[in-house]
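This report is meant for a reader meeting the structure for the first time. Please keep the sequence and the 3D view at hand while reading the sections that follow.

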Amino acid sequence: MKNALLLYAKGMAMGAADVVPGVSGGTVAFITGIYDELLRSIASLPSAVGPLLRGRVAEAWARANASFLLVLFAGILTSVFTLAKVITYLLERHPIPVWSFFFGLILVSVYLVGREIKQRNLPLLLAFAAGIVFAFWITVAAPVQWGSDMLSLFLAGAIAICAMILPGISGSFILVLLGLYPVVLGAVKSLDVAVLAVFALGCLVGLLSFARLLSWTLRRWRDLTLGFLTGLMLGSLNKVWPWKQTLTWRLDSHGQKTPLLEQNLLPGAFGDLTGQDPQLLLAVGLAIAGILLVLSLEWVAGRRQPATQGA
């Protein structure tokens, strides 16, 4: 029961992160030491279909590690439905403290994951640099406009769900870049079953295939994969920098303007440009709080190797 409650809390933390644009639940999974088990469990779902169809429910349940997935996703859904409004409110009213907290959280995660790399060599450096460049490019890329036909929706679902399980990359932000965020959000609000079904099918195919691929690369080239994932998290810090100037806007589903492209500023420049208090001391304090929270989670989980052991 204690392990189940801890896993449920980790799921809630993942859900809270997924609510924030630009922050990935995959980062939280890495921080809390369940990333490997999450990938293995998702990748094993197809192998459970055969026993399930033959009526061997217990075998199918064990193969899919269903207890782990159900508790974790229950935590994720609980957080999404209960914390979404709170986090959205805080991001709108107190953006600098919130982004500072996530900045500290991701920064210490770079250290915790990076220290698990055993061999440091040129290929690892290249993988690390590739992760930084890719994540940075994602955070500054100009939006494109995909079509809203069924094939585009299917592919968007597959791409977005892959981003959600990658540390440092937000699936919702990928949808914004593809120009399909309003389409998918509108389908959710209007319960457009056809659009949601195609998008969900893309998510399912992307999740199963990408989780299997990523799990395989972690087994075969663990250090290189960890190097790339560490680079992703470091590159994503560009997105969660607390002091920003909005360059372009987009209209959300309510017709209200929300930031689309932003430029990072130093705290002093932010204060001079906007006339607002940069809240530097509060920002530093909350970044430190994020760092301490991650270190506390590691201590509570009792993990000496955070990236290699499950919950």
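## A nonpolar patch on the surface

In this predicted model, Leu280, Val284, Ile288, Leu292 and Leu295 make up a nonpolar patch on the surface, and together these residues have about 410 Å² of accessible area. One of them, Ile288, belongs to helix 15, which spans residues 280-301. Ile288 counts as partly exposed because its relative accessibility is 45%, a value that lies between the limits of 20% for buried and 50% for exposed.

## Regions listed in the record

The unreviewed UniProt entry lists residues 66-90, 96-113, 125-146, 152-181, 193-214 and 280-301 under "transmembrane region". For two of these ranges the conformation of the chain can be described here. Over residues 96-113 the model is 100% helix and 0% strand, with the C-alpha atoms at the two ends 26 Å apart. Over residues 193-214 the chain is likewise 100% helix and 0% strand, and here the end C-alpha atoms are separated by 30 Å.

## The nonpolar cores

The largest nonpolar core holds 65 residues, and within this core Met14, Tyr35, Leu38, Leu72 and Leu166 touch the most other members. Helix 7, covering residues 95-114, supplies the largest share of this core, namely 10 residues. Apart from this core lies another one, made of five residues that include Ile96, Leu265, Phe270 and Ala283.

Leu72 can serve as an example of how parts of the chain meet in the model. When its neighbours within four places in sequence are left aside, Leu72 is in contact with Leu7, Lys10, Gly11, Met14, Ile34 and Leu38.

## Helix 3 and its link to helix 13

Helix 3 is mostly covered, since eight of its nine residues are buried. The buried residues in helix 3 are Tyr35, Asp36, Glu37, Leu38, Leu39, Ser41, Ile42 and Ala43.

Asp36 forms a salt bridge with Arg222, and the closest N and O atoms of the two are 2.8 Å apart. This pair links distant parts of the chain, for Arg222 lies in helix 13 (residues 222-236) and Asp36 in helix 3 (residues 35-43), with their positions 186 residues apart in sequence. Asp36 counts as buried because its relative accessible area is 9%, and the limit for that class is under 20%.

## Other salt bridges

Side chains of opposite charge can pair when their charged atoms come close. The structure holds four salt bridges, and two besides the pair already described are taken up here. Glu59 forms a salt bridge with Arg63, the closest N and O atoms being 3.0 Å apart. Both residues lie in helix 5 (residues 57-64), where Glu59 and Arg63 are four residues apart, about one turn of the helix. Glu59 counts as partly exposed because its relative accessibility is 27%, and Arg63 is also classed as partly exposed, at 41% relative accessibility.

In another salt bridge, the side chains of Glu116 and Arg115 meet with an N to O distance of 3.6 Å. The two partners fall into separate classes of exposure: Glu116 is buried, with a relative accessible area of 8%, while Arg115 counts as partly exposed at 34% relative accessibility. Elsewhere, salt bridges that share partners join Arg56, Glu59 and Arg63 into one network.

Notes: Residues numbered from 1 in each chain as written. Predicted model: local features only at pLDDT ≥ 70, side-chain atom pairs only at ≥ 80, totals over all residues. Heavy atoms only, no water. Core = buried A, V, L, I, M, F, W, Y, C linked by side-chain atoms within 4.5 Å. Buried < 20%, exposed > 50% of the residue type's maximum accessible area, 1.4 Å probe, protein only. Contact = heavy atoms within 4.5 Å. UniProt positions renumbered as here; feature names shortened; annotations may be inferred. Patch = residues over 30% accessible without salt bridge, like charges linked within 9 Å, V, L, I, M, F, W, Y side chains within 5 Å. Areas by Shrake-Rupley, 256 points an atom, 1.4 Å probe, with all protein chains shown as cover.
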